[in-house]
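The following exercises concern the sequence and the structure shown below. Each task is followed by a solution in steps.

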Amino acid sequence: MPERAQRVLDYLLRDVSFKVIEPEEREEFGRYFLLVHDPLYLGTLKEAAESVKSPKTYFYDYNGEQTHRPRQLDELFKFCYDTMTPVGRSTWDSAYWSALSALNGAVLLRQGKVRSVFALTRPPGHHTGRDFFGGYCYINNAALAGEYLAQNGKVAIFDFDYHHGNGTESIFYHRRRVLYVSIHCTPPRAYPFFTGSAKAKGVGRGKGYNLNIPLEPACGLRVYRKALSRAMRVIRDFSPRYLVVSAGFDIFRSDPDGSFDLPLEFCTELAEEIFAVGVPTIIVLEGGYNLDSLPELVYQFLTTPRTTSKHKL
Ligand SMILES: [Zn+2]
């Protein structure tokens, strides 16, 4: 849905204080793509998308042999773990430039030019791992930003999307200098159904640097606030140099893909808690599918005043 990004952008542009920067390619980015993703997966994704000549999109399906689709798509779908993530001729370009938005934002943070930056990424990325994709995600934007920033110091990734960021978790599961914290709907009640357990805490050197806080659908504001406060405490204790936020606005009321049903006014409080961590922060767009409320939610989040941390580090 390209309209999602366009509507958010149009809304933000009503406020002249927003400075919009178009992403650009940089030679150094190639290295980060290969640190985060398997080169064979990336190459197959690009080739498969470019093999689609018609405006048609294709899905992984069990009767693949019966459909007339380009051969390259069958190679690509070996990396796919669901049946709902479409691939068409614009998939590579959209995913690649979405990823570049996150990387360009990370550059600005690392250069110290801004304290916070928003990457208007579409498609989202947090369901894509090193060599698997699904959940409308193809390239992991937040993981790329996190990897880029991690060259300069410890990074915390806070993922508040309704759905567990199984891709991001898996990419950093063995790492101790990148902390992944997620609040999401508990498996198996929501996509991706089989990950996001509180028991998943990291492995090897990464043990203790992965925190999942699964909540029941319609858990209510009180429970969510408690989870948020725990997540922020863990992030502050980690003392990151940078914070990457996987911002999924599908936690709010009337989202067709989420059932937390949190009131829209809570968005400001959520942003206050996150910005109170007080470190340079990049916000990367993940989910949020109610097109009537998404632009306003993003605007509310981004314009929440940055107060000095109420929690001293
Ligand atoms: Zn989501």
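**Exercise 1.** Determine which strands helix α8 lies across, and how the helix is directed relative to β3.

*Solution.* Step 1: Identify the elements. Helices (H or I, at least four residues) and strands (E, at least two) are DSSP runs, numbered from the N terminus. Residues are numbered from 1 along each chain as its sequence is written. The model is predicted: local features need pLDDT of at least 70, side-chain atom pairs count only at pLDDT 80 or more, and totals for chains, interfaces and linings use all residues.

Step 2: Locate the helix. Helix α8 comprises residues 221-238 and lies across β2 (155-159), β3 (178-185) and β4.

Step 3: State the angle. Helix α8 runs at about 175° to β3, where axes are lines fitted to C-alpha atoms, for helices over the stretch in contact, and angles run from 0 to 180 degrees between N-to-C directions.

**Exercise 2.** Establish the order of the strands in the open sheet and name the edge strands.

*Solution.* Step 1: Apply the pairing criterion, by which two strands pair if DSSP finds at least two bridges between them. The six strands follow the order β1-β6-β5-β2-β3-β4, with parallel pairing.

Step 2: Find the edges. Strands β1 (116-119) and β4 (210-215) each pair on one side only. From one strand to the next, the twist averages 15°.

Step 3: Examine individual pairs. Six bridges connect β3 with β4, and S182 has N212 in β4 as its bridge partner. Strands β5 (residues 242-247) and β6 (residues 281-285) are joined by five bridges; L243 stands opposite T281 in β6.

**Exercise 3.** Decide whether E286 is buried or exposed.

*Solution.* Step 1: Place the residue. E286 lies in the loop between β6 and α10 (294-302).

Step 2: Count its neighbours. E286 counts as buried because it has 30 C-beta neighbours inside 10 Å; the criterion for buried is 20 or more other C-beta atoms within 10 Å, for exposed 12 or fewer, and for partly exposed in between, with C-beta atoms placed from the backbone.

Step 3: List contacts, that is, residues whose C-beta atoms, placed from the backbone, lie within 7 Å. Leaving aside neighbours within four places in sequence, E286 is in contact with P124, H126, D161, S246, A247 and G248.

**Exercise 4.** How many residues of β4 are buried?

*Solution.* Five of the six residues of β4 are buried, so this strand is largely enclosed by the rest of the structure.

Key: Contact = placed C-beta atoms within 7 Å.
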